[in-house]
Amino acid sequence: MVNTMSENRIICGLDIGTTKICAIIGEYNPDNNSYKIIGIGKSPSHGLRKGIVIDIEKTTKSILEALRKAQKHTEHTITGVTIGITGNHIRSLNSNSTITISHKGDDVIHDAEIDESDIERALDAVKSIHVGVDREVIHTLPQKYFVDNQKEIDNPVGMSGNKLTINALIITATINNVKNLVRSVQATGLNVNGIVLESLSSAEAVLTKDQKELGVALIDIGGGTTDITVYQDGDVKYAGVIEYAGSIITRDIASLIQTSFIEAERIKTKYACASTSLSNKNEKVDITVKSLNGKDEIKLNSHQLSLYVEARIEEILTLSKTEIEKYIDIKKLSGGVIFTGGGALLKGLNEANKKIFGVQSQIGYPNRLLGLENKDLNPEYSTAIGLLHWAKKDKRNQVIRSLKAGITIWDKIIDFFTNIIQQFF
Ligand SMILES: Nc1ncnc2c1ncn2[C@@H]1O[C@H](COP(=O)(O)OP(=O)(O)OP(=O)(O)O)[C@@H](O)[C@H]1O
Ligand SMILES: [Mg+2]
């Protein structure tokens with residue numbers, strides 16, 4: 001009997017965030033389109049600011065740490081990864097192109113039948129628009145198809161026609177930022193198999209098909225950037241990046257209270273609330289923080305802390321709203337706003353949203369995958385989980401099978417980079 005089962009593939013998503021790097025190794029089963037997480041590693045991120053690499057060596061070292069942790073769980077050694085990209089150099093623009101359908105075969109006298117190669121040709125034509133010499137196209141997202149003079153068509157494959165028009169959303173990034181990101185990964189000895197806009201990646205992990213149809217704004221509040229993706233009628237209508245997120249809230253707290261970033265981060269994640277209407281004045285918690293010199297104690301309460309946080313989160317949400325409303329009326333997004341990213345863990349975010357956006361909102365958790373004892377992952381993992389979904393589309397080999405040998409290699413590489421970095425600092 002012929003065995004028609006496909007072999008499982010090992011894939012790796014690498015989220016190179018401003019505050020943390022997260023590597024997730026997954027086993028993808030093409031027969032039932034399912035994944036199992038077989039390795040996960042997280043490390044603090046050094047070397048990025050607002051989503052952009054500003055120090056390749058530090059970034060490489062952080063990446064290695066995350067990969068090494070992820071590899072500890074598995075006997076597979078990764079050779080290639082699918083990575084995320086963000087930063088306020090990202091732009092999205094609409095483009096369209098029309099191609100003539102070629103008649104395939106000699107005896108065809110009627111309209112030709114559209115096939116996959118025609119779609120590819122139309123997409124290539126859309127991509128060839130001038131995006132600027134310093135930019136490159138990282139995504140071409142088809143939106144609408146038109147065959148001859150017919151109305152919008154979801155899938156033109158198999159249809160008859162002479163002309164195919166395609167409308168697409170083009171996402172571009174500056175070449176230098178892409179190069180620096182890729183170099184940081186390649187310096188670890190890994191290949192970059194794919195580059196995905198982080199907000200699209202998070203969307204893949206968080207949103208359902210129905211939410212994309214109804215219309216939603218997905219807002220991924222990270223450390224350095226807030227990434228926005230708007231879906232309507234199943235398509236991405238807008239993707240953009242704002243360079244304010246969780247880190248600036250921490251920075252505000254540190255400078256207003258005159259404490260360290262570590263202390264500011266600690267009290268933010270433990271006590272802060274995005275809405276002072278929730279941080280009830282009567283139920284305020286007393287907080288003690290170390291001063292900048294580490295010797296004195298500063299006292300404040302949770303309501304005062306929330307006053308600082310509320311001001312900044314409202315600014316971030318207002319900026320997001322202004323950006324979205326350039327392209328779409330938020331009230332028409334029946335699915336409302338979905339928050340994800342580590343910043344979505346801030347208490348009271350849905351209340352702050354009500355005040356600014358005036359539509360319903362919820363916190364978006366990444367969909368549950370097998371493995372890791374079926375543990376639910378929090379929203380800071382949305383991008384990394386989404387990258388696994390994208391990685392499966394990448395046909396390149398991502399793994400060599402070996403027995404833990406890779407770990408030794410990683411250790412050597414890490415030692416090498418540690419030595420280099422120690423020589424500089
Ligand atoms: N419980 C919490 N309350 C408030 N903020 C939180 C909480 N947990 C994490 N955060 C914030 O989430 C942010 C980190 O989120 P995330 O891990 O998604 O960022 P990143 O991917 O490293 O950065 P970016 O996507 O901007 O490059 C930090 O600013 C952190 O303070
Ligand atoms: Mg992120």
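I will go through a few local features of this structure, beginning with the ligand site and then moving to strands, helices and some backbone angles. Please keep in mind throughout that this is a predicted model.

Let me start with ligand 1, which is surrounded by 24 residues, and the closest of these are Gly-17, Thr-18, Gly-222, Gly-246 and Gly-342. If we sort the residues of that shell by character, we find 3 nonpolar, 17 polar and 4 charged. As for the elements that contribute, helix H6, residues 246–257, and helix H7, residues 261–271, each supply at least two residues of the shell.

Now to the strands, and in particular to S15, which runs over residues 226–232 and is mostly covered, with 7 of its 7 residues buried. Which residues lie on either face of S15? On one side we have Thr-226, Ile-228, Val-230 and Gln-232, on the other Asp-227, Thr-229 and Tyr-231, and all of them are buried, so that both faces of the strand are covered.

S15 has antiparallel partners that we can take in turn. With strand S14, residues 216–221, S15 is joined by 6 bridges in the antiparallel sense, and the two form a hairpin with 4 residues between them; within this pairing, Asp-220 stands opposite Asp-227 of S15. With strand S16, residues 235–242, S15 pairs over 7 bridges, again antiparallel, and here Gln-232 has Asp-235 in S16 as its bridge partner.

The hairpin of S15 and S16 has 2 residues between the strands, and in that loop lies Asp-233, whose phi is positive, at about 50°, although Asp-233 is not a glycine. As a reminder, most residues other than glycine have a negative phi. Asp-233 counts as partly exposed, because 13 C-beta neighbours lie inside 10 Å.

It is instructive to put Lys-50 beside that case, since Lys-50 also has a positive phi of about 50° without being a glycine. Lys-50 lies in the loop between strand S4, residues 48–49, and strand S5, residues 52–53. Is Lys-50 buried or exposed? It counts as buried, because Lys-50 has 21 C-beta neighbours inside 10 Å, and the cut-off for that label is 20 or more.

Let me turn to the helices, first H2, which covers residues 116–127. Its 12 residues reach 17 Å from the first C-alpha to the last, close to the 16 Å expected at 1.5 Å a residue. The buried residues of H2 are Asp-118, Ala-122 and Val-126. Viewed down the axis of H2, these buried residues fall within an arc of 80°, and therefore they line one face of the helix. That fits the general geometry, in that an α-helix has 3.6 residues a turn, so residues three or four places apart point the same way. On the other side of H2, Glu-116, Ser-117, Glu-120 and Asp-124 are exposed, while the cover over the buried residues of H2 includes strands S8 (91–100), S10 (135–147) and S12 (163–174).

Finally, helix H9, residues 349–356, has Leu-349, Ala-352 and Asn-353 as its buried residues. Why can we place them on the same side of H9? Because they cover an arc of only 105° around the axis. The buried residues of H9 pack against helix H8 (302–325), strand S19 (337–340) and strand S20 (361–363), and just after H9 we meet Gly-358, which takes a positive phi of about 70°.

Conventions
Residues numbered from 1 in each chain as written. Chains lettered and ligands numbered in written order. Predicted model: local features only at pLDDT ≥ 70, side-chain atom pairs only at ≥ 80, totals over all residues. Near = placed C-beta within 6 Å. Nonpolar A, V, L, I, M, F, W, Y, C, P; charged D, E, K, R; others polar. Buried ≥ 20, exposed ≤ 12 C-beta atoms within 10 Å, placed from the backbone. Pairing = 2+ DSSP bridges. Expected span 1.5 Å × (residues − 1). Arc of directions from axis to C-beta. Contact = placed C-beta atoms within 7 Å.
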